[in-house]
Amino acid sequence: MILELDNVTVTFTAGPPFRREHVHAMRGVSLYVAEGETLGLVGESGSGKTTASRVALGLQRPTAGAVRFEGKPFPKRRRELAGHMQAVLQHPHWSLNPRMRVGASVAEPLAVLGEKAPDRVHEMLERVGLEAGLATRYPHELSGGQRQRVSIARALVTRPRFLVFDEAVSALDVSVQAQILNLIKDLQREFGFSALFISHDLGVVRYIADRIAVMRGGEVVETADTATFYTAPAHEYSKRLLEAL
Amino acid sequence: MTALLEVRDLAVEYDSGERRVRALDGADLTVAAGETIGIVGESGSGKSTLGSAVGRLLPSTANRVTGDVWLAGERVFDLPPAGIRRLRRERLGFVFQDPIASLDPTMRVGKQLKLVLGSKGDPLSHLDRVRLANPGRVARMYPHQLSGGMAQRVALAIAMACQPRLLIADEPTAALDAQVREEVLEVVFSVAAEAGTSIVWLSHDLTAVARRCSRVAVMYGGRVVEDGPAADVLGQPAHPYTAALARSAPAMASLGDRLSPVPGRPPVLAEASHGCAFEPRCPYAEERCAKERPELHVVRTQEALCHRATELVTAS
C-alpha cells in the first residue's frame with residue numbers, strides 16, 4: 001500500500017469569532033492507492049477532490065483521521081518526502097517558472113535532493129517525447145502539450161513512487177490530450193509509479209484509472225473497478241455522471 | 001429565411017515582416033437566426049481569426065485576401081467606421097478567452113456596464129441575469145478583485161447588455177478552472193436563449209460542443225472541413241479529420257482500447273493550400289488529395305470538404 005487515507009475529515013473555518021462558519025471539505029473519507037495502480041477521483045466542483053489531493057501530498061493536515069504513506073504516518077518535516085511524491089497540475093504555464101529554461105526546471109527537483117545529473121534531465125526529456133534540444137528553451141516558446149510534457153518530466157525525474165495528477169489534461173486540445181494520456185500510461189508501465197488521477201471528466205478518468213472513486217459533498221459515494229464503471233455503476237450519482245458523457 | 005451571418009470564401013493572412021501565415025484559407029460558414037453553432041478545431045486551425053473577422057476585429061498585421069462577411073444583411077468589410085461601430089454595438093457580442101484582460105482594470109464593474117447601457121440602464125439587473133450572487137457588491141469591485149469565473153460572467157453581462165443578435169464566444173472557458181467551466185457555459189447558453197441570440201462558440205472540445213450546440217462546424221487548416229447537425233458530425237463523421245478527432249476523445253473509448261491521437265501536427269500554411277490541408281495526416285489520402293483543393297460534398301446531413309467523403313461513407 002503506497003498511500004492510505006483512513007477516515008479523514010478536513011474542516012475549514014471562516015468568519016469572525018462566535019459566528020464561525022464551518023465547511024466540511026472532506027467527511028470521513030477512506031481511500032487507498034495500491035502499489036503501481038492508478039486511482040481515479042471524480043466529482044463535481046466543490047466535492048473535495050482538490051482537498052483530497054492536498055491531503056495526499058501532505059500539504060493539508062487533516063482535522064481528524066490518519067494518513068499513511070508507504071505504511072508510515074507523514075514525517076514531521078515535509079522535506080523528508082522530497083522526491084518521493086510529485087504533482088502534475090492543470091495549467092503547465094502556471095506550474096513552470098517562466099524565467100527558467102526548461103532543462104533547469106526539470107533539474108530543479110534533483111537539486112533539492114542535492115543531486116546533479118544533467119544526463120538524467122536529457123534522458124527524462126526524451127522519455128516524455130521531447131527532443132533534448134528543447135532543454136535550452138523557455139516555457140513560453142513551447143506549445144501547451146509540450147509544456148505539459150515538461151511538467152511530467154519534472155515530476156518523474158526523481159523517480160517518485162507516487163504522483164498526483166490534478167486535472168492534468170483538462171486544459172489541453174482533445175488530440176493533444178489523447179497523446180498525454182497515452183504517455184502517462186506508458187510511463188507508468190515503465191516506471192511503475194502509483195498515481196492519484198483527479199478530474200471532473202469521467203471519460204478521462206475511466207480511460208486512465210484502474211479503480212475509480214466518486215466524491216460528492218466531501219464524501220466518497222462509490223469506489224469501484226474501472227470495468228464496473230463501463231458497465232454498471234451502483235450509485236445514483238455515478239450513473240448521472242456516466243449519462244452526461 | 002435569410003442567414004444572420006454569412007462568411008464566404010474568406011482568406012486572411014498575417015504578415016509579420018519576413019514570415020507570412022495564412023490563417024484562413026477560404027472559410028465558408030452560414031449561421032441562421034437563433035441557431036447555436038460550435039466551431040471546433042485544434043489550436044492554429046483559424047477559428048479565432050474567423051471569430052474576430054466577423055466583428056472586423058482583426059489586428060493590423062492581418063489582411064483580408066479574398067472573401068466577404070455579411071452580418072444581418074450588411075457587408076462587414078465595406079462599412080464606414082461609424083457603421084461598423086454601430087454594428088458591433090447593436091448586433092454583436094463578444095466573449096473572449098481571458099476574461100480579466102477583456103475588462104478595463106481601472107474602472108469598477110458597475111461603471112463599465114453603465115458605459116454599455118447608457119444612463120438609463122440598471123447594471124444590477126444585468127449582473128443578476130448572469131447569476132452573480134450579490135450583484136451590488138460585484139458592481140463596486142475592480143476586475144482584479146474578481147475570480148476568473150466571476151469575471152467571465154461580467155464579460156458576458158456586458159456582451160449581452162444590448163441584446164445582440166449574435167454572440168461570439170471564443171473559448172470562453174479555456175482560461176478557467178475545469179470546475180467552473182460547466183457553470184459558466186450553462187449561464188452563457190441560458191442567457192442567450194432567453195434573449196433569442198445566436199451563439200457561435202469556438203472551442204477545441206468536440207464532445208462538449210456536441211452536447212450543447214445544435215450544429216457543429218469543424219475547422220482545419222483555415223477552412224471549415226465539415227458542417228452538420230451536432231449528433232451526426234460526432235456520431236458518423238463524414239470527414240476523416242473529424243473521425244480522427246472523435247476517436248481521440250477518451251469518453252468515446254471502450255474498456256481496454258488505446259486512444260489513437262491524430263498523427264502528426266496541424267499545418268501552418270504560408271500560402272493557399274494546393275490540395276487538402278489534412279492530406280499529410282490522412283490515412284485515406286490518395287494522389288489527387290495533394291494536388292486538387294477538395295470541393296464541397298454533401299454526405300447524408302453533413303457537408304464535407306473531402307475528395308473521398310462520399311465513397312468513404314458508402315464503404316463504411
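This report walks through a predicted model with chains A and B, looking at a domain, a helix, a core, a sheet and the place where the chains touch.

## The annotated stretch of chain A

Let's start with what a record says. An unreviewed UniProt entry puts the feature "domain: ABC transporter" at residues 3-242 of chain A. Over those residues, chain A is 35% helix and 27% strand. The C-alpha atoms at the two ends of the stretch sit 27 Å apart.

## A helix to follow: H6 of chain A

Now zoom in on helix H6 of chain A, which runs over residues 174-191 and has 18 residues. From its first C-alpha to its last, H6(A) reaches 26 Å, close to the 26 Å expected at 1.5 Å a residue. Just after H6(A) comes Gly192(A), with a positive phi near 70°.

Which residues of H6(A) are buried? They are Val174(A), Ser175(A), Val176(A), Gln177(A), Ala178(A), Gln179(A), Ile180(A), Leu181(A), Ile184(A) and Leu187(A). The cover over these buried residues comes from both chains: it includes helices H4 (118-127), H5 (144-156) and H7 (202-208) of chain A, along with helices H8 (206-212) and H10 (240-247) of chain B.

## Where the chains touch

How many residues of chain B are in contact with chain A? The count is 20, and they meet 18 residues of chain A. On the chain B side, helix H7 (residues 178-195) of chain B supplies the largest share, three residues. Sort that side of chain B by type and you get 12 nonpolar, five polar and three charged residues.

## The largest nonpolar core

The largest nonpolar core has 162 residues, and Leu156(B) and Val218(B) have the most contacts inside it. Helix H6 of chain B (residues 148-160) gives the most to this core, with nine residues.

So who does Leu156(B) actually meet? Setting aside neighbours within four places in sequence, Leu156(B) is in contact with Val95(B), Val130(B), Val187(B), Val188(B) and Val191(B).

## An open sheet in chain B

Chain B also has an open sheet of four strands, in the order E2-E1-E4-E5, with antiparallel pairing. As a bit of background, strands of a sheet pair through backbone hydrogen bonds, either parallel or antiparallel.

The edges of the sheet in chain B are strand E2 (19-31) and strand E5 (74-75), and each of them pairs on one side only. E5(B) pairs with strand E4 (residues 62-71) of chain B in the antiparallel sense, over two bridges. If you want a spot to find on screen, look for Leu71(B), which stands opposite Glu74(B) in E5(B).

Terms used: Residues numbered from 1 in each chain as written. Chains lettered and ligands numbered in written order. Predicted model: local features only at pLDDT ≥ 70, side-chain atom pairs only at ≥ 80, totals over all residues. Core = buried A, V, L, I, M, F, W, Y, C linked by C-beta atoms within 7 Å. Buried ≥ 20, exposed ≤ 12 C-beta atoms within 10 Å, placed from the backbone. Contact = placed C-beta atoms within 7 Å. UniProt positions renumbered as here; feature names shortened; annotations may be inferred. Nonpolar A, V, L, I, M, F, W, Y, C, P; charged D, E, K, R; others polar. Expected span 1.5 Å × (residues − 1). Pairing = 2+ DSSP bridges.
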